[in-house]
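Got your viewer open? Load the model below and let's walk through it, one selection at a time.

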Amino acid sequence: MNGTLELNGIHAGYGDFQALFGIGLRVEPGEAVGVVGPNGAGKTTLLRVISGLIRPTSGNLHFGGQDLATTPAHLLPSLGIAHVPENRRLFPHLTVEENLKVGAYSPSARAHFAERRDRVYDLFPKMKQRRHQLAGTMSGGEQQMCAIGRALMCAPRILLLDEPSAGLAPIVVQQVFDLVRRIREEGLTVLIVEQNVAQVLRVVDRAYVLETGRVAAEGRSAELVADPAIRRSYLGGH
Ligand code: ATP
């Protein structure tokens with residue numbers, strides 16, 4: 001199992017509504033890859049397909065050679081796939097540390113709880129200071145960091161991040177992207193969905209541009225930043 005994520009010809013939607021039309025995407029181990037595009041392009045739907053919350057109507061998807069289309073969603077964490085959803089879904093009435101415990105619910109993760117928690121606290125010293133605080137009383141940026149920390153507790157091989165910068169003040173957005181950069185520098189594979197195209201292209205190796213459920217462009221970050229059409233549509237350029 002080499003941990004490559006590979007999607008081919010993925011069609012998916014909600015009932016009669018089709019949101020994705022033949023998506024192909026590949027993420028190699030150790031890569032950080034972005035999915036960008038306007039509202040409603042299908043970015044969140046794509047992550048839901050990868051994490052088994054929505055089944056594709058056609059196409060195939062594999063992670064490390066394992067067929068994800070037939071793997072029950074609850075088994076995905078054991079394959080090493082961790083999804084941080086857009087609204088973070090922390091348990092607001094549990095403390096930071098209790099939320100981390102929830103992330104380490106499998107028997108093997110429970111056995112490594114202290115070691116992984118300490119690693120999360122090394123990555124986010126602020127979480128250590130706040131470990132006894134109720135998650136729901138923290139700022140949006142702190143909650144995002146806690147949600148990412150919780151996902152790291154199952155020692156994933158790939159981290160799926162849905163709009164980690166959504167609703168955050170610019171300075172906090174910067175901190176969240178710095179964190180993503182540190183996570184990928186540690187060698188973790190990251191697939192990140194973002195509307196903040198300028199910021200995400202600074203931390204990923206490659207990106208896919210999704211428009212109305214189709215891949216409209218893809219390339220290395222530097223190529224996309226230099227592309228006049230991308231600059232015009234997404235980077236406020238000319
Ligand atoms: P945003 O950045 O606004 O979150 P997105 O690119 O993530 O947008 P999706 O949330 O994947 O886009 O939505 C793609 C399309 O699917 C949209 O037209 C949306 O209205 C539709 N859609 C999303 N979730 C559902 C749902 N649960 N039921 C029905 N349609 C949905």
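Start by selecting residues 5–14 and 17–27: these are strand 1 and strand 2, which pair in the antiparallel sense over seven bridges. Keep in mind that this is a predicted model. For a landmark on the ladder, show Leu7, which stands opposite Leu25 in strand 2. Then slide along to the turn: the two strands form a hairpin with two residues between them, and Gly15 in that turn has a positive phi of about 60°.

Next, the helices. Select helix 7 (residues 140–152) together with helix 8 (residues 170–185). At what angle do they pack? It is about 15°, and the axes are 9 Å apart. Since angles under 35 degrees count as roughly parallel, helix 7 is roughly parallel to helix 8. Helix 7 passes helix 8 in a right-handed crossing.

Now turn on side chains. Helix 7 brings Gly141, Gln144, Met145, Ile148 and Leu152 to this contact, and helix 8 answers with Val172, Gln175, Val176, Leu179 and Ile183. Colour them by class and you get seven nonpolar, three polar and no charged residues.

Keep helix 7 on screen and add helix 3 (residues 96–103): this pair packs at an angle of about 35°, with axes 7 Å apart. The crossing of helix 3 and helix 7 is right-handed. Pick out Val96, Asn99, Leu100 and Gly103 on helix 3, then Cys146, Gly149 and Arg150 on helix 7, to see who makes the contact. By class, the contact of helix 3 with helix 7 has three nonpolar residues, three polar and one charged.

Note on methods. Residues are numbered from 1 along each chain as its sequence is written. This is a predicted model: local features need pLDDT of at least 70, side-chain atom pairs count only at pLDDT 80 or more; totals for chains, interfaces and linings use all residues. Side-chain values use heavy atoms; hydrogens and water are left out. Axes are lines fitted to C-alpha atoms, for helices over the stretch in contact, and angles run from 0 to 180 degrees between N-to-C directions. Helices (H or I, at least four residues) and strands (E, at least two) are DSSP runs, numbered from the N terminus. Angles under 35 degrees count as roughly parallel, over 145 as roughly antiparallel, 65 to 115 as roughly perpendicular and the rest as oblique. A crossing is left-handed if the near helix is turned anticlockwise from the far one by less than a right angle, and right-handed if clockwise. Contact means heavy atoms within 4.5 Å. Ala, Val, Leu, Ile, Met, Phe, Trp, Tyr, Cys and Pro count as nonpolar, Asp, Glu, Lys and Arg as charged, and the others, Gly among them, as polar. Two strands pair if DSSP finds at least two bridges between them.
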